[in-house]
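Open your viewer, switch on a cartoon view and keep the side chains ready to display. We will go from one stop to the next, selecting as we go.

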Amino acid sequence: MVKEESSGRGVKGKGKWKGKEKLDASKAIRICNVPPDCTQTDLENALKELRILSKKPFTLKPRKSKSKPKPGQKAKTNYEVYLPTVQDAAKLFGFIDKNRTLPAKIGGKQTTISIVPQMLLLQSIEQTKQTGRVILRNIAFDAGEDEVEAVCSKVVKPTEVKIPRKDDDSSHRGFAFAQYENRRDAEKALKALQGIQLKGRTLKADWAIAKDVYQKAKDMEKGGDDEDEG
């Protein structure tokens with residue numbers, strides 16, 4: 001069930017890759033604070049024994065912990081688990097986040113290890129928040145660009161307002177992006193923009209995230225994944 005990390009010779013999946021395998025962080029979780037006596041093979045076997053994931057292979061990659069161990073103790077290891085679907089990632093994250101432990105066989109003995117999960121998709125959204133970028137949706141098509149800019153500047157003036165237009169340039173597409181200088185300014189703007197009316201429409205403001213990350217987040221909310229499971 002575990003897919004070996006590519007060594008540059010190509011790997012088999014839905015097709016053959018040329019070069020290294022491209023791993024999708026939106027379908028991954030990070031398992032932190034794995035005890036030093038738990039090897040990568042031990043962790044792989046423990047994940048397989050959960051039986052909550054699909055039968056497709058997953059990839060396990062070790063990551064060094066940034067935290068320094070206490071004197072006389074060995075450093076703990078972090079691992080990133082790249083799964084075949086967002087649904088698998090959500091299931092595994094939910095299980096570990098709820099229990100904060102994982103049954104594992106270490107050195108031939110059955111035990112339980114204490115671990116902490118992180119959802120890499122959620123981290124991608126958090127990183128977007130740090131940039132101070134906001135999206136404003138449900139904008140009336142007859143609203144002028146100057147009106148949209150005025151709304152975005154209601155509390156804090158953004159450094160840039162971008163209003164995407166249709167391909168034929170006939171009108172805008174009903175949403176806009178506002179870039180603020182920092183997260184604090186963006187948070188103030190978000191609070192001010194929630195529920196505000198423009199041309200008879202209630203505007204919806206949120207953190208602007210990459211399109212693929214946004215779609216993965218929507219998939220997680222509905223508990224599914226648009227990808228072919230076959």
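**First stop: a sheet**

Select strand β8 (residues 133–137) together with β10: the two pair in the antiparallel sense over four bridges. Keep in mind throughout that this is a predicted model. Now show R133, which stands opposite Q179 in β10.

Next, add the neighbours. Four strands make up an open sheet here, in the order β9-β10-β8-β13, with antiparallel pairing. Which are the edge strands? They are β9 and β13 (204–207), each of which pairs on one side only. Turn the view to look along the sheet, where the twist averages 20° from one strand to the next.

Then bring in helix α5 (residues 183–193), which packs on the sheet and touches β8 and β13. The direction of α5 makes about 160° with that of β13.

**Second stop: charged pairs**

As a general point, side chains of opposite charge can pair when their charged atoms come close. How many salt bridges does a search of the whole structure find? It finds six, and three of the pairs are worth a visit.

Show R63 and E80, whose side chains meet in a salt bridge at 3.5 Å, N to O. R63 belongs to strand β3 (residues 58–64) and E80 to strand β4 (residues 77–82), so this pair ties together parts that are 17 residues apart in sequence. Is E80 buried or exposed? E80 counts as buried, because its relative accessibility is 5%, while R63 counts as partly exposed at 33%.

Move on to E145 and R165, another salt bridge, with the closest N and O atoms 2.7 Å apart. E145 sits in helix α4 (residues 145–152) and R165 in the loop between β9 (160–162) and β10 (176–179), so parts 20 residues apart in sequence are tied together. Both partners count as partly exposed: E145 at 35% relative accessibility and R165 at 31%. Before leaving, add R30 to your earlier selection: salt bridges that share partners join R30, R63 and E80 into one network.

For the third pair, pick D97 and R100, a salt bridge with its closest N and O atoms 2.8 Å apart. D97 is partly exposed at 32% relative accessibility, and R100 is partly exposed too, with a relative accessible area of 37%.

**Last stop: helix α1**

Finish with helix α1 (residues 40–50) and colour its buried residues: D42, L43, E44, A46, L47 and L50. Residues three or four places apart in an α-helix point the same way, because there are 3.6 residues a turn. Then step to R51, which follows α1 and has a positive phi, near 60°.

Terms used
Residues are numbered from 1 along each chain as its sequence is written. This is a predicted model: local features need pLDDT of at least 70, side-chain atom pairs count only at pLDDT 80 or more; totals for chains, interfaces and linings use all residues. Side-chain values use heavy atoms; hydrogens and water are left out. Buried means under 20% relative accessible area, exposed over 50%, partly exposed in between (1.4 Å probe, protein chains only). A salt bridge is a side-chain nitrogen of Lys or Arg within 4 Å of a carboxyl oxygen of Asp or Glu. Two strands pair if DSSP finds at least two bridges between them. Axes are lines fitted to C-alpha atoms, for helices over the stretch in contact, and angles run from 0 to 180 degrees between N-to-C directions. Contact means heavy atoms within 4.5 Å.
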